[in-house]
Amino acid sequence: MADDLERPAEPAHEDSEQHLPAPSILPFAFAGGIALILIGLIINWWLAVAGGVLALLFGFAWIRDVTRDVRAAPEPEPVVAEEPVSELAAEEEEGPEEPERYPRSVFLELSTLGIGAAIGALVTVPALGFMIAPAFVGQGDDDVDLGPLDNFPEQQYVIAQFNSKKDEPQDVGRRAAFIRNNGQQNGVPSFTIISNRCAHVGCPTQPQGLPGDACHGGAYDAEGNRVAGPPVRALDRYEFMIRNGNLVLGTRYSVGKVTGQGADAKIYAYKRYDPGQHVDGLEQYLWPVPPYEGGS
């Protein structure tokens with residue numbers, strides 16, 4: 001009878017599933033390292049370096065995990081065919097064939113992964129450079145010669161207008177600063193030079209009360225300290241130098257607060273940050289590192 005015929009045994013499911021790769025978090029860890037690199041390029045270079053190290057370590061571990069079965073696979077046993085006695089004797093005289101020390105499949109797989117990674121880096125790195133580098137290059141201000149010191153009477157504020165970049169059109173790069181000559185301090189000229197750019201959203205302050213009121217109800221005192229409204233810090237200031245008897249503006253920097261007045265003022269200075277960004281307190285860690293050159 002047909003029912004009495006032996007049926008071929010069905011293959012066991014365990015044998016078919018034993019080659020499936022086990023779940024691994026290494027791909028997610030590698031992706032996290034790449035994400036950390038991209039975040040670090042915006043916030044902090046050290047964060048990008050840490051992301052690169054993590055991506056390298058987890059990427060290498062991922063490659064080893066993927067190729068583990070290939071590396072652990074036993075070498076196939078050679079098939080010995082029946083040969084005449086004379087040929088077997090000749091083979092024994094020549095000696096056994098040396099086994100392959102490094103599997104060709106592993107070499108090809110690692111070579112493919114390495115070439116793919118190199119191609120990906122050659123394509124990605126220049127693209128990231130063109131997208132990100134302009135935000136960190138050439139962001140400083142040019143030195144601005146404001147003329148002789150006689151243009152700035154002692155203990156009086158003077159509004160000076162200038163271009164922050166020499167090659168910018170006048171209607172694009174026009175800036176203004178409130179400048180007060182504090183007189184001599186230990187035989188050296190002292191100046192208070194405050195930017196008119198509000199520390200709230202960047203609109204120009206009005207010279208009422210010098211430096212005066214800003215947009216959105218922000219107000220500052222004569223040293224640039226915030227006294228009312230939404231600004232998060234004092235007005236920015238400029239470094240200065242005396243060159244051939246002229247007052248020359250240097251780098252603009254951000255200020256947390258100012259204590260004292262005039263030549264005796266103590267300035268809590270920081271690198272230049274954009275309007276609305278905190279420079280002190282816990283809030284300072286919520287903002288990216290400024291890309292601007294100079295400052296202190």
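How many cavities of 30 Å³ or more does the structure hold? In this predicted model there are two cavities that reach that volume, and the larger amount of open space is best approached by way of the pockets, cavities and cores in turn.

The largest pocket has a volume of about 690 Å³, and its lining is made up of 22 residues, with Phe30, Ile34, Ala55, Ala117 and Ala121 lying nearest the centre. Three helices, namely helix 2 (26–43), helix 3 (45–66) and helix 6 (104–132), each supply at least two residues of that lining, and helix 6 gives the most, with nine residues. By residue class, the lining of this pocket divides into 16 nonpolar and six polar residues, with no charged residue among them.

The largest cavity, by contrast, holds about 50 Å³ of space, and its lining includes Arg197, Arg233, Asp236 and Arg252 along with Cys198, Ala199, Ala234, Leu235, Tyr273 and Pro275. Here the division is into six nonpolar and four charged residues, with no polar residue.

Turning to the packed side chains, the largest nonpolar core has 12 residues, among them Val144, Phe152, Phe162, Ile179, Phe191, Tyr238 and Leu249. Strand 1 (144–148), strand 2 (157–163), strand 3 (174–185), strand 4 (188–195) and strand 9 (246–259) are the elements that give two or more residues to this core. A second, separate core has eight residues, including Cys198, Ala199, Tyr220 and Leu235; of these, Cys198, Ala199 and Leu235 also belong to the lining of the largest cavity.

Notes: Residues are numbered from 1 along each chain as its sequence is written. This is a predicted model: local features need pLDDT of at least 70, side-chain atom pairs count only at pLDDT 80 or more; totals for chains, interfaces and linings use all residues. Side-chain values use heavy atoms; hydrogens and water are left out. On a 1 Å grid over the protein atoms alone, a cavity is a set of points where a 1.4 Å probe fits but cannot get out, and a pocket is an open set with protein on both sides within 12 Å along at least five of seven lines; lining residues have an atom within 4 Å of a point. Grid points are joined across faces, edges and corners, and a volume is the space filled by probe spheres set on the points. Helices (H or I, at least four residues) and strands (E, at least two) are DSSP runs, numbered from the N terminus. Ala, Val, Leu, Ile, Met, Phe, Trp, Tyr, Cys and Pro count as nonpolar, Asp, Glu, Lys and Arg as charged, and the others, Gly among them, as polar. A nonpolar core is a set of buried Ala, Val, Leu, Ile, Met, Phe, Trp, Tyr and Cys residues joined through side-chain atoms within 4.5 Å. Buried means under 20% relative accessible area, exposed over 50%, partly exposed in between (1.4 Å probe, protein chains only).
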